[in-house]
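Work through the two exercises below with the structure open. Each task is followed by a solution in steps.

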Amino acid sequence: MTAPTVRPFLKWAGGKTQLLDAFTGRVPGELKTGALPVFVEPFLGGGAVYFHFNSIFRFRECHLFDINEELVLAYNVVKNDVSGLIRYLSEISNEFLSENDAGRKEYYYRMREAFNRARGETDFRRYDSGWIERAGQFIFLNRTCFNGLYRVNSRGGFNVPFGRYRNPKILRADLLRADSAALRNTTVHLGDFTQSEPYVSEDAFVYFDPPYRPLNRTSSFTQYSKTGFTDEDQKRLAAFYARCDARGARLMLSNSDPKNSEPGDGFFDELYADYHIDRIPAKRMINCDGRKRGEICEIIVTNYDPQNSGEG
C-alpha cells in the first residue's frame, strides 16, 4: 500500500495521526477484500483516520458526523467549493503575514471577533456562498490560535487566544485540493453520533473517536461544543456501540485508558466487557506543559478479533 497523499487540513486536539499504523494493523479482514464498502465515522474531529482509511480502502461511500457546526461547515466547503476557499484564504493570509508582530495579534483578534459576531447570522443547515468566508475564518483561526485548539465559551463563542507562531502556514492549497477530491464519495452530516445509525449495516466499517475521557481533572479537552462529553455520554455511546454491533457492522473505537492514572479504574473494561480491548502506547500531545507530554496507553475496542484481521 502506498502512503496516503491526503491528510487533515486542520490542527485538532487528540488527533490520531500517530496511531494510524496501529489502527491499520487491526482492521477487519473484510475491509481488505472490499466486503465493507461503507465507512461511517460518528465523531469526525480532525479526520485523520477518515482520510487515511478512505485513501487506502477506496470506500464506495463514507458518512461522517459531528456536532461541531463550524467543523461540518468547513468540511462541506472544502468538498464543494475548494477554489473559492483557496482564493479567500490567500487574501487573508497575505494580509496577516504582511503585518508585524503587534499587527498580527490585532488582526487575529479582529478576525475572532468577526467570526463570533457572525455566528448568529449563519444557517449551518443550508449551504450558501457565505459559508466560504466562514470556513476560511475558521481555518485561519485554527492555524494561528494557541496550539490549534478548538474551545468555546458557554455562549458558543470561540475563545482560544492568539498563538504567536513565527510563520504559520495558513493556506495549504495543494492539501485542500487533495482533501476536496477525497471527499467526493463522502457526505458530512451535522448531528449527534446516534444519527449515524441509519448508515450502519453489514456493509459498514464504523470507527468511533469520541472526545476522550480525561485522565485527570486538569487534562480535559472535551469542550468542542457547549455541552462537553461526560461519563454519561460515554455510557450512551457504549449502548450505541452495542446497537451497531447488532446491526452486523464491524466496529473500532479508541479512547484514553483510565488505568494510566488510576490502575484500578475499569470504566471502559466494564463498558466494553463483551468486546476485544487492546492497549497500545501513544504520546499524548495536548498538554500545554511539555514536561507532561509523555507516552501513555490508549485503548482500541473492536467487535471482532484484531489478531486475525489487519496486517501486522
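A crossing is left-handed if the near helix is turned anticlockwise from the far one by less than a right angle, and right-handed if clockwise. The model is predicted, with local features needing pLDDT of at least 70 and side-chain atom pairs pLDDT 80 or more, while totals for chains, interfaces and linings use all residues. Residues are numbered from 1 along each chain as its sequence is written, and side-chain values use heavy atoms, without hydrogens and water.

**Exercise 1.** Describe how helices α5 and α7 pack.

Step 1. Helix α5 covers residues 82–97 and helix α7 residues 130–144. Their axes are 9 Å apart, at an angle of about 45°. α5 is therefore oblique to α7 (neither under 35 degrees, nor over 145, nor 65 to 115).

Step 2. The crossing of α5 and α7 is right-handed.

Step 3. On α5 the contact (heavy atoms within 4.5 Å) is made by Gly-84, Leu-85, Tyr-88, Leu-89, Ile-92 and Phe-96. Residues of α7 in the contact include Ile-132, Glu-133, Gly-136 and Phe-140. By class, the contact of α5 with α7 has nine nonpolar residues, four polar and one charged.

**Exercise 2.** Is Asn-255 buried or exposed, and which side chain does its side chain make a polar contact with?

Step 1. Asn-255 belongs to strand β5, residues 250–256.

Step 2. Asn-255 is buried (under 20% relative accessible area), because its value is 0%.

Step 3. The side chain of Asn-255 makes a polar contact (here, N or O atoms within 3.5 Å, one able to donate a hydrogen and the other to accept it) with the side chain of Gln-234, at 3.3 Å. A polar atom of the Asn-255 side chain also lies 3.1 Å from the backbone nitrogen of Arg-213.

Definitions and conventions: Axes fitted to C-alpha atoms, helices over the stretch in contact; angles between N-to-C directions. Helix = DSSP H or I, 4+ residues; strand = E, 2+ residues; numbered from the N terminus. Nonpolar A, V, L, I, M, F, W, Y, C, P; charged D, E, K, R; others polar. Buried < 20%, exposed > 50% of the residue type's maximum accessible area, 1.4 Å probe, protein only.
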